Each structure stands twice: as C-alpha cells, then as structure tokens.
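Grab a coffee and open the viewer. Here are a few exercises to work through, each with a solution that goes step by step.

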Number of protein chains: 2
Amino acid sequence: MKKISIIGSGNVAHHLIKKTSELTDAKLHQVFARNINSLKSLQLPSYVFCEHISNLDVADLYIIAVNDAAIAEVSEQLHFENRLVVHTSGTVSLREIDAKNRRGVFYPLQTFSKEKTVNFEHVPLCLETEHAEDYALLETIAKMYSTAVYPISEKQRQSLHVAAVFANNFTNHMYAIAEDICSENQVPFAVLQPLIEETAEKIKTMHAVDAQTGPAKRKDEKTVQKHIDFIQDTALQSLYKNITQSIQNYHVKKF
Amino acid sequence: MKKISIIGSGNVAHHLIKKTSELTDAKLHQVFARNINSLKSLQLPSYVFCEHISNLDVADLYIIAVNDAAIAEVSEQLHFENRLVVHTSGTVSLREIDAKNRRGVFYPLQTFSKEKTVNFEHVPLCLETEHAEDYALLETIAKMYSTAVYPISEKQRQSLHVAAVFANNFTNHMYAIAEDICSENQVPFAVLQPLIEETAEKIKTMHAVDAQTGPAKRKDEKTVQKHIDFIQDTALQSLYKNITQSIQNYHVKKF
C-alpha cells in the first residue's frame, strides 16, 4: 500500500486529497496546508493533518499542490532528502523543486472548482520525472487515479498549458459573454446548451479547423457588421472583430 | 399527415430534409434545390424532387433553408399565396419573405456539418410567426422534430445568433488553436478532450462567469507573459492579449 502525502488546500489540492482518500491501492498518508479550514468539507480524520510541515514523515510520494509561485519555497521547507516529490503545475519546471529530493511533475489537466465533483478517472495526468527510474513508480500511482496517464516533457507540458488556456479559459469566457447576451434578452441560456455540447463533441471526429462555420468563416461581412452593431460595448466589439479576423486569416501555426 | 416541402441544399437543408423524411406524423412532400447533387447521399426517392420551383404544390409548411441573402428572392419566386412559409435563418427578419404568403421563422439553433449526424431531438427550434394563429401549427410541426421548441421574437433571435457566434464559432476557433499547439508539440489533442468536455459541462450547473479560472482571471501576469512568449506569432499574441484583457475587465454587459 503506497503512502501519498499532499501539501496544499487550493482547488487542485482539494480534489487530489479527496480522490487519494478514496483510493484502494494507496492511502492518503498526511496532509499539510496553511489553510486547513478550506479542507473541512472533505471530512477527513484529523490525524491526517500535520500541524507543521516538519511533521511530514516517510511516504512514497509527496504531491505539492500549491500556487506556482510557492512551489520552490515549500519544497525547500521539506526536511527530508532523496524522496519522490512532485508538483502539479502546468508551467513550472520540475527544477524549481529543491534539488535535495527526487523531483517530478504530476499535472492533472482539468479545470477544478471546489463546488463541482470531478470524475478523476478521466482526468489526463501528465507525468515527468527527473530520474528515469522514478517514472515507473509515479506512473503506477498515477494509474490508480486515472486511466489517462501520459509521459509529457517540460516543453510539451508548457505547450499544453497554453493550449488549455485557449480550450478552457478562453472558451469559458466565450460562454460567459453568450450567457450575458441571453440573459439581457430574456432568452434562457439552456437554448444554447445543445450547441455548446455539439461544438465540443464535434472535434472528437473532426479537426476543429474543418468544423469551423459561421459568418467569420464564410466572410459574411453583412452579418459580422450586424453583430458588431448589436454588441454596442466597444471593448466587446473589438474582441468580436479580433476573433473574426483571426478566424479569417487563420492558417495552421508553428509554435 | 402534415405535408412539408423544403427548399435548399446546404447544411441546414440537408439535415432538415433527412429528419423530415424520417418523421412519422408528417411527410417530406417535395424538395426543390438548385444543386440537387449535393443531396444525393440522402438517397431520397426521385419523385420528391421538383425540377422547377413552380412545381411545388400544396403543402402545410414550406421551409426555405437557403443562404440569408437568397431568402427574399426565393420567396418571391413562389407562385402561390397565403400559405405558411418559413425561413431558417438566425438573423433575417420574417418580413424578408415575400408578403404574399403567411410568414414565419423556424430557426434550428445548432451547428450542422454534412459529415456529422445530428440528434435532431435535442436541437432547439426557435419559432416566430407573423400571425398569431399560425403559431400553433408551426409549433405542432416543430415538436415532431425536437423536444426543445421555443417561441423567440425577432430581437431575441438576433441576440441568440450573436450569442451562438461566441458559444460556437469563436469557441471552435479556440479549439483549432489549441489543436495546432498540441500538434506542433507532438501531444495528442485527446489529452485536452476531457478538459473541453468538462468546460462545456460545468456551465450546466454554474454561471460561466463564476466558472472562470486560469492566469487571466487570477491576474497571474508572469504566466500570461510566458504564454505570450511561447506563442511567437504576433497575430495570435494579440488575440491572446485581447481575450485576457476581456476576462480581466469583464463585468456583466448590457446589450
């Protein structure tokens, strides 16, 4: 039975701790968080919580699930050496973890909100280890969490993080604008839900660039202008124009 | 048994004709299209096709599913009067249909590609009629196609069309960029699929504005800068900045 200890109390930590506590082939050994209150809803037995980071004892894996900016500092505070310590960041190099331990990355590529349960089984886990011989252990543990485990290099992970901003953050912002437009016009946002689902579904079988439709794509300037007039707000008009232009000038990019 | 005749051969016409031919309480009476070849894959009996628009005979409903720009002209060419004629556009007023007939709108709010089957049952149908007494018939017929039928005014429909551009066209463009980033870095796009699904799923239970996460939202300028450096292409950098700014300055808009 592998012992897993987790540091942090944010969205990612919250979901990781919950899932770890439910594993059958590994156990949630200890949790350290500055803000333990925010983990209360998980109803963990109090003995898993460390009062101080120096109370973390021997485990097979330590997961640092804190803000990117705090990873280096937290890893320095660990009082042990030569154990497997990973962070969960999409952007930070594993070299930001203090070199006294064996370093790695355990990046769950999903959007986490405390309010919403996530089916961890389908969360892609992107793994990287400093030493090749640690990969097998990290992979064995990762497969207890998810069926979607990938070896991902630092450069690949950074590219995925940028891609995820487009596919998730920016997409969600498009939804937010659409929701406001509906709400201002007394149209239930539910009317758009099937379209949103189909848009996400379509790209499983088609390249997104081939699935592109709409006034921008077909250079229907009359409709584009109607929409810009409709929007009124100048910042949003400029956003509409910029994305329209990007669709019209788009060719496959080199990154 | 209601008789439905359809004019057009584009993506919307294609899916409407297919679905109409499968209805049990109504029948696909006739089809007129300038480009009949593009409907070949539907394998309809040849007698449903009109050689000329003047061969359209009596039906309960005529659906004009052609380009926005062609609606007025096609409706003028109809040689009959006082029958129910609707178009399928999200932006065009029903008054663009020639006034000799009883006019309406039958706007299926979904993204259609010929290559991909659509489950029509969940396609929202936004209805409008010039005369209140025609609404019941149009609604009865619409409910044969879909369980999601809404009375939607012209202003509401126009707002929905703008909202749909954000929720579908612009979102799909975000996917296209994400897919390219993955492909350039030899990462399977499938890694992002669960994130894309969860993003679309989340807004069923949360307001999109509350579901917003990521570097833009948390004003993580360091990560934003990393991403901009990563992107390199100046047009795409400007798009990234513009959407980031829009997320940061966003407050609920008035339309």
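**Exercise 1.** In which helix of chain B does Asp134(B) lie? Then decide whether Asp134(B) is buried or exposed.

*Solution.* Keep in mind throughout that you're looking at a predicted model.
- Step 1: find the element. Asp134(B) sits in helix 3 of chain B, which covers residues 132-145.
- Step 2: check the accessible area. The relative value for Asp134(B) is 9%. The cut-off for buried is under 20%, so Asp134(B) counts as buried.
- Step 3: look for its neighbours. Leaving out residues up to four places away in sequence, Asp134(B) touches Leu84(B), Arg102(B) and Thr129(B).

**Exercise 2.** Get a feel for chain A: how many helices and strands does it have, and what percentage of its residues is buried?

*Solution.*
- Step 1: count the elements. You should get eight helices and seven strands in chain A.
- Step 2: take the dimensions. The C-alpha trace of chain A spans about 65 × 40 × 30 Å along its principal axes.
- Step 3: look at burial. Of the 255 residues in chain A, 60% are buried.
- Step 4: look at contacts in chain A with a separation of 6 or more. Residues 24 or more positions apart account for 54% of these.

**Exercise 3.** Gln43(A) and Lys219(B) deserve a look at their backbone angles. What sign does phi have at Gln43(A) and at Lys219(B), and where does each residue lie?

*Solution.*
- Step 1: recall the background. Most residues other than glycine have a negative phi.
- Step 2: read the angles. Gln43(A) isn't a glycine, yet its phi is positive, about 50 degrees. Lys219(B), also not a glycine, has a positive phi of about 50 degrees.
- Step 3: place them. Gln43(A) is in the loop that runs between strand 2 (26-32) and strand 3 (61-64) of chain A. Lys219(B) belongs to the loop between helix 6 and helix 7 of chain B.
- Step 4: check exposure for Gln43(A). Its relative accessible area is 70%, and Gln43(A) is exposed.

**Exercise 4.** What turn lays chain B on chain A, and what does that say about how the two copies are related?

*Solution.*
- Step 1: superpose. A turn of 180 degrees with a shift of 0.0 Å along the axis lays chain B on chain A, with an RMSD of 0.0 Å.
- Step 2: draw the conclusion. The two copies are therefore related as by a two-fold rotation axis.
- Step 3: find the axis in chain B. The C-alpha of Thr171(B) is the nearest one, 2.6 Å from the axis.
- Step 4: compare the surfaces. Both copies use the same surface, since 100% of the contact residues of chain B recur in chain A.

**Exercise 5.** Now describe the interface: how much area do chain B and chain A bury between them, and which helix of chain B gives the largest share of its side?

*Solution.*
- Step 1: count contacts. On each side there are 93 residues: 93 of chain B in contact with 93 of chain A.
- Step 2: read the area. The chains bury about 9400 Å² between them, with 65% of it on carbon and sulfur atoms.
- Step 3: go through the polar side. There are two salt bridges between the chains, including one between the side chains of Lys204(B) and Glu197(A) (3.0 Å, N to O). In addition, 38 residue pairs are in polar contact across the interface.
- Step 4: find the main contributor. Helix 4 of chain B supplies the largest share of that chain's side, 27 residues.
- Step 5: sort by class. The side of chain B that touches chain A has 49 nonpolar, 28 polar and 16 charged residues.

Terms used
Residues numbered from 1 in each chain as written. Chains lettered and ligands numbered in written order. Predicted model: local features only at pLDDT ≥ 70, side-chain atom pairs only at ≥ 80, totals over all residues. Heavy atoms only, no water. Least-squares fit on C-alpha atoms with pLDDT ≥ 70 in both. Contact = heavy atoms within 4.5 Å. Buried area = accessible area lost by both parts, 1.4 Å probe. Salt bridge = Lys/Arg side-chain N within 4 Å of Asp/Glu carboxyl O. Polar contact = N/O pair within 3.5 Å; in protein donor to acceptor, adjacent residues only side chain to side chain. Helix = DSSP H or I, 4+ residues; strand = E, 2+ residues; numbered from the N terminus. Nonpolar A, V, L, I, M, F, W, Y, C, P; charged D, E, K, R; others polar. Buried < 20%, exposed > 50% of the residue type's maximum accessible area, 1.4 Å probe, protein only.
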